[in-house]
Amino acid sequence: ATPTGRSADLPARHHRATVRAALAIAGICLLVALTQSWLAFLFVYDDDRGFSLRRVLVLGAVYAWPMVMGWGLLRRWSWWRVLGGIALYMLLMVAVVMLNSTQQQTLAQVMGWLGSVVVIPMAVALCISASGRIRAVAPYLLPVFLLLAAGSTGALSLLAAGVQTPPSWIVALVEAIGAWPAIVGMALLPWLLLAWPVWRLGLGLAQAYRDKRFSDLGYLLAAYWFVILVASALPAVEGAGWLGFTQLLPWLWLPLLAWLLPRWLVPEGAPPTLLVLRVFQQDAAVETLFDRVIDRWRLSGNTVLIAGTDLASRTLDPDDLFTFLGGRLGERFIATPAQVPQRLADFDLQPDPDGRYRVNECYCFDSTWQAALAALVQRSDVVLMDLRGFQAKNAGCRHELGVLSQAPNVQRVVLLHDDRTDRAAAGSDIAGAPLGRFVWVDAGRLSQGKVAHILGQLLA
């Protein structure tokens, strides 16, 4: 049966949403890159040949390589796959540059130049998001550390300016504590002065996320582009002076497009809700499942789950991060069953500006998770339960199976298993379920074909 008010063509809607999101990322990256290319020819490059539309387009195509990273964010590619995609893109650009070059250039020269364009910003982007755990925190703290770094740089510049004729206070400071302690102290002193503005910046970032002014995907893409444009602007400043900072201007397209694109990316129809359950203490396996299946589901519907450390790096957002840093994460926990309705009422079930839906979690104690589970099951249309490694001793999972077998509104439950799963024990717990509710899928190895099959079962 199809839930009332929901279209039966959910797989087609999911496909269209995926294509729209990929095209939006490509369009954003091309617009930023072409603007960067035009500004580079206008202010940075000292070239007697001037610039033509053809040269702007070729350089813009080269500068647009971050679209591969954007697609990787959308599809949660591994970094090895992202690097492979960038390598293939650069090989294509080698051919484009060689075919459109008006000067005699060797293949080695072209590849060396393309490497200089890509390697440094890609390395920095890799540092801030190489793993899921780093990616969950580092980009959101990037504005904070940039502000602190700017303060330290300014203080050290002031110190360096007075080296030749140092003011009396610098002389007194060095004599009192020594040269190196004075340098370190000058570098860290702005942090004390900036502590309150930095904290307010973080809270403002969290509030903007709550108000849906940006999505996690849009924020990460903007962070990548900022790093890439800074890496382009700094060498440009050496040759063109302050005009080199015009290379940062294309970044302004990103907040503007974040305001315009939601009108095109708005999802079709009413979203179904997916409940995710799993055997705990299998962090790596569950993280991979989230990357390859659950994150793609977000283009079609909402996701709800009971929070755990195994998915903290995949579900952490600016609101969670600054709530944690402020010591208020305990307020998110459901202390009594009576608090469950209010927590579910606070769920964010509206689409983000990028057209994807958010993941909503319930933080529970041992005394409240069963009440939260019952409420989540009542609100869910489809369930994905990861039973890889499940054994008869997993009492929590067995309770969940019993609840799912009796739930009147759940359309389908997809159970993932592997060669360690005790299917006999699970089968006894769901013996009274309606025929066809539970679908078993062998997920011992999450190949691309298997991922597509699991997602297809959820969308069916």
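A charge sits over a ring here if CZ of Arg is within 6 Å of the ring centre and within 35 degrees of the ring normal. Keep that in mind for the first stop, and remember throughout that you are looking at a predicted model.

**Stop 1: an arginine on a tyrosine**

Select arginine 358 and tyrosine 209. The charged end of arginine 358 sits over the tyrosine 209 ring, 3.7 Å from the ring centre. Now bring up Tyr140, Phe214 and Tyr219 as well: together with Tyr209 they form a cluster linked by ring pairs.

While you are in this part of the chain, click on lysine 212, which lies in the loop between α8 and α9. Lysine 212 is not a glycine, yet its phi is positive, about 65°. For context, most residues other than glycine have a negative phi.

For a second arginine over a ring, jump to arginine 263 and tryptophan 259. The charged end of arginine 263 sits over the tryptophan 259 ring, and the distance to the ring centre is 4.8 Å.

**Stop 2: aromatic pairs**

How many aromatic pairs does the structure hold? There are nine. Try tryptophan 199 with phenylalanine 322: the ring centres are 6.3 Å apart and the planes stand at 70°, so this pair is edge-to-face. Colour helix α8 (residues 179-210) and helix α14 (residues 318-325) to see what the contact does. Tryptophan 199 belongs to α8 and phenylalanine 322 to α14, so the pair ties together parts that are 123 residues apart in sequence. Switch on a surface and check each partner: tryptophan 199 is partly exposed, at 32% relative accessibility, while phenylalanine 322 is buried, at 3%.

Next, pick phenylalanine 226 and tryptophan 251. With centres 6.4 Å apart and planes at 80°, these rings also make an edge-to-face pair. Phenylalanine 226 is in helix α9 (residues 216-240) and tryptophan 251 is in the loop between α9 and α10 (253-260), so the pair ties together parts 25 residues apart in sequence. Buried or exposed, or partly exposed: which fits phenylalanine 226? At 30% relative accessibility, phenylalanine 226 counts as partly exposed. Tryptophan 251 is partly exposed too, at 27%.

**Stop 3: strand β1 and its neighbours**

Select residues 273-278, strand β1. Six of the six residues are buried, so β1 is largely enclosed by the rest of the structure. Show the side chains and look along the strand: Thr273, Leu275 and Leu277 point one way, and Leu274, Val276 and Arg278 the other way. That fits the general pattern, in which side chains of a regular strand alternate between the two faces of the sheet.

Add strand β2 (residues 302-306). β2 runs parallel to β1, and four bridges join the two. To find the register, look for threonine 273, which stands opposite asparagine 302 in β2. Then show helix α12 (residues 283-297): β1, α12 and β2 make a right-handed β-α-β unit.

Now add strand β5 (residues 382-386), which pairs with β1 in the parallel sense over five bridges. Two positions help you line them up. Leucine 277 has methionine 385 as its bridge partner in β5, and arginine 278 stands opposite aspartate 386.

**Stop 4: from β5 on to β6**

Stay with β5. Five of its five residues are buried, so β5 is largely enclosed by the rest of the structure. Val382, Leu384 and Asp386 point one way from β5, with Val383 and Met385 pointing the other way.

Bring in strand β6 (residues 412-417). β5 and β6 pair in the parallel sense over five bridges; one place to look is valine 382, whose bridge partner in β6 is arginine 412. Follow the chain from β5 through helix α17 (residues 395-406) to β6, and you trace a right-handed β-α-β crossover.

**Stop 5: helix α3 and what follows**

Finish with residues 66-75, helix α3. α3 is mostly covered, with eight of its ten residues buried; among them are Pro66, Met67, Val68 and Met69.

Step past the end of the helix to arginine 76, in the loop between α3 and α4 (79-100). Arginine 76 has a positive phi of about 55° although it is not a glycine. Is this residue buried or exposed? At 14% relative accessibility, arginine 76 counts as buried.

Notes: Residues are numbered from 1 along each chain as its sequence is written. Side-chain values use heavy atoms; hydrogens and water are left out. Rings of Phe, Tyr and Trp (its six-membered ring) pair if their centres lie within 6.5 Å; planes under 30 degrees apart count as stacked, over 60 as edge-to-face and the rest as tilted. Buried means under 20% relative accessible area, exposed over 50%, partly exposed in between (1.4 Å probe, protein chains only). Two strands pair if DSSP finds at least two bridges between them. A crossover is right-handed if, with the strands pointing away from the viewer, the path from the first strand over the helix to the second runs clockwise.
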